[in-house]
Every structure is written in structure tokens, then in C-alpha cells.
Amino acid sequence: MSVGNETQSGKKVLLAAPRGYCAGVDRAVETVERALDKYGTPVYVRKEIVHNRYVVDTLAKRGAIFVDETTQVPEGAHVVFSAHGVSPAVRGEADNLSLQTLDATCPLVTKVHNEVKRFARDGYTILFIGHRGHEEVEGTMGEAPDATHLVDGPAGVDELPDFDPDAKLIWLSQTTLSVDETMEIVNKLHERYPQLENPPSDDICYATQNRQSAVKAIAPQCDLLIVVGSQNSSNSKRLREVGVEAGATAGYLIDYANQIEDEWLEGVTTVGVTSGASVPEILVEDVLETLARHGFTEVDTVQTATEKLVFGLPREIRPPNRAKR
């Protein structure tokens, strides 16, 4: 569809869909909002609730206090665990401080935590594909640290030890990776370890895959790809990489519309726009308004999937069930 008046210059925007908030992010952000409504300020949040500067700043203005470690939370206070999940060690710290915890971990991340526990219990060594230092990786591997080995990128395969040929091996992955790069790593792992088993289901979340597919659909037509998202957002960074690999002439990752530089638009006729899974739509709207001021008033939405998944809120803050009449 088109928004605004078509231009004589031929300048246009291809707007990828799906984009923006996924069900897990929506649940996590609402968890903090409802906790503030129910308990008042302050409500503490361990790490960034989601990796987006605007979201974190907005919640901080409402009274959320973001901390790096659970031990920074006063004894007995309310604390929210971020969408990226935490390790059992972190939960133990919270128990020791008698903290009132609200778990905003994305259910799809929880699924991978449960897989790690199950396969470790069954005697497997787990080759976990993910980015070193990412909170999701630290939390997931923390479920069975003695049974997991991190594989960070294709080069990470070469850093793994030589396992016994009879060793039970299985790979799992972070939920926000590039689908294509992950499969490249998996193929390399299979070449090195013929006995390696595949997990029962893909760990990369539906939203990550859908957003990457949408970018691939528009990228070959784009002189410029703008991805709205923060630099510490794994899925947002992957969107830019996927778009450039799929054919976009240039690609940039930005938090806000005012970061668009005039020189990026020189000689450009088609701009692709998308946003990471932790990005509210208001930031995309600001980008479209900025592009319109530069003559990009024709906006064509390219829809490759429809998302209807909704996750329930943590039990502690769910609205009460209304009595049936």
C-alpha cells in the first residue's frame, strides 16, 4: 500500500512487515509498566528489560531503576528479570536478598533454558551457538555451565576441543541470531563432529526469522536500508547484516530519526525501512516523517508474514479474572 502522495522524483520507501515489537518484548515491557502501576516506585529491573534505548529511558522516567547486578537491589524490593532470562545463580542471589521477583523472560528463551537442562541431564555435551557476553547466552549457559561450550561465529567451531567420537553432542542456539549464519555454523559443526545431533526444533524465534525474511524481500531493491534499533540489540544488528548480504547497497542501524545523515540519501531513490523486535513503532514513524521531508513520500509496505502470537503476563501482575455473570 502507499501512504502520502506519490512523488514525481521516483523516491520511495519500502517498509518491511513484520517489524518492531514481538510478543516476548511486548510482554516484558508491559510487565514493568504493570509492576509500576501495582507496586509504585521504585521497581528495579536487572539489566535492560529489552535492548532499546528509548524503551529503557521511557520506563526510567516512570520510576523503573535499572541495575547491572541483582546484588544492587535493596533487600525485599521488587525486581524484574529482563526478557533475555537469567541463570540459576542469579535467581539464587534474589532468594538470598528476599527479593520479590517478576520474571519477564521471553517464553521462547525459557524453552531453550529447559532444553539445556534436559539435554545436560541426559548426558549430552551442548554446543551453544551465540554471542559471547550477551545476557541471553549467559543466562542460558548458566543452566548447565559444565555441560555447555559456546560457539561464537563460524570461527568459534575451530576453538572447540576434540570430543570423544562416542560423546553425545547436540547444538542449541541463542534466539536472536542470523538464520543463515547459524546454519553455516551448524554445517561446520556437523563436518567436525559427525555424531552431532540436531535439536527437536529450531531455537531462533519466530519473530527474528520473520523480520529477517521481510528484509530479504525488500533488500535487493534498496539503495539504502535503515534499521531502527539499538547497537546492543542482537536481532537489530542481524537485520542490518542480513539486508546488506541480501542486496541492499548500504545499511545503517539507528536509534532515532535524527541520526539519519543527509549524505546517506544522496543519489538514493529507494530506501528500505525496518525495525528490530524491541523497537516501538513510534520510532519508525519518526523515520518515515524524516524521509518524507527529503522527498520520500511514497511508502510501500511489503508484508511477508502475519503475527498473532500473544504471551500471558507473569502471574503476579495479571489482571484479576472477572466473575462470570
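Select Pro18 to begin: in this predicted model, Pro18 is found in the loop between E1 and H1, and the peptide bond that leads from Ala17 to Pro18 is cis, with omega near 5°. Keep that loop on screen and move along to Cys22, which lies in the loop between strand E1 (12-17) and helix H1 (23-39). Cys22 counts as buried because its relative accessibility is 11%, a value that falls under the 20% cut-off for that class. If residues up to four places away in sequence are left aside, the contacts of Cys22 are Tyr206, Ala207, Arg211 and Ala277.

**The three cysteines**

Next, add Cys106 and Cys205 to the selection, since the UniProt annotation "binding site", from an unreviewed entry, covers Cys22, Cys106 and Cys205. These cysteines are spread over 184 residues of sequence, yet they cluster in space, with a largest C-alpha distance of 10.1 Å. Cys22, Cys106 and Cys205 are also part of the lining of the largest cavity.

Centre the view on Cys205, whose place is in the loop between helix H7 (179-192) and helix H8 (206-218). Is Cys205 buried or exposed? With a relative accessible area of 11%, Cys205 is buried, because the class takes in values under 20%. Beyond residues up to four places away in sequence, Cys205 touches Leu108 and Thr175.

**From H8 to H9**

Now colour helix H8 and helix H9 (residues 234-245), and look at how the two pack. Two packed helices are described by the angle between their axes and the distance between the axes. For H8 and H9 the angle is about 30° and the axes are 9 Å apart; the pair is therefore roughly parallel, given that angles under 35 degrees are placed in that class. The crossing of H8 and H9 is right-handed. To display the contact itself, show side chains for Thr208, Arg211, Gln212, Val215 and Lys216 in H8, which meet Asn235, Arg238, Leu239, Val242 and Gly243 in H9. Arg211, on the H8 side of this packing, is also among the residues that Cys22 touches.

**A second annotated set**

Asn235 leads on to another group, for UniProt lists His51, His84, His134, Ser233, Ser234, Asn235 and Ser278 under "binding site", again in an unreviewed entry. The lining of the largest cavity includes His51, His84, His134, Ser233, Ser234, Asn235 and Ser278, and it takes in Cys22, Cys106 and Cys205 as well, so that cavity is a useful object to keep displayed while both sets are inspected.

Within this set, select His134, which is found in the loop between strand E6 (125-129) and helix H5 (135-141). His134 is buried, with a relative accessible area of 11%. Which residues does His134 touch, not counting residues up to four places away in sequence? They are His51, His84, Gln174 and Ser234, and of these His51, His84 and Ser234 are listed in the annotation too.

Then go to Ser278, in the loop between strand E11 (270-275) and helix H10 (281-293). Ser278 is buried, at a relative accessible area of 3%. With residues up to four places away in sequence again left out, Ser278 touches Tyr21, Val25, Val50, His51, Asn52, Val55 and Ser233. His51 thus appears among the contacts of Ser278 and among those of His134.

**Backbone stops**

Three further stops concern the backbone. A cis peptide bond joins Thr41 and Pro42, with omega about 0°, and Pro42 lies in the loop between H1 and strand E2 (43-46). Beyond E2, select Lys47, in the loop between E2 and helix H2 (53-62); Lys47 has a positive phi of about 65° although it is not a glycine, and at 19% relative accessibility Lys47 counts as buried. Ser98, in the loop between helix H3 (88-96) and strand E5 (100-103), likewise is not a glycine and has a positive phi, of about 55°, but Ser98 counts as partly exposed, at 46% relative accessibility.

**Last stop**

Finish at Pro319, in the segment after strand E12 (298-303), where the relative accessible area of 46% makes the residue partly exposed. Draw a distance from Pro319 to Arg34: the two are 285 residues apart in sequence and 9.3 Å apart in space, C-alpha to C-alpha. Apart from residues up to four places away in sequence, Pro319 touches Arg34 and Leu313.

Note on methods. Residues numbered from 1 in each chain as written. Predicted model: local features only at pLDDT ≥ 70, side-chain atom pairs only at ≥ 80, totals over all residues. Heavy atoms only, no water. UniProt positions renumbered as here; feature names shortened; annotations may be inferred. 1 Å grid on protein atoms, 1.4 Å probe; cavity = no way out; pocket = protein on both sides within 12 Å on 5 of 7 lines; lining within 4 Å. Helix = DSSP H or I, 4+ residues; strand = E, 2+ residues; numbered from the N terminus. Buried < 20%, exposed > 50% of the residue type's maximum accessible area, 1.4 Å probe, protein only. Contact = heavy atoms within 4.5 Å. Axes fitted to C-alpha atoms, helices over the stretch in contact; angles between N-to-C directions. Parallel < 35°, antiparallel > 145°, perpendicular 65-115°, else oblique. Left-handed = near helix turned anticlockwise from the far one by under 90°.
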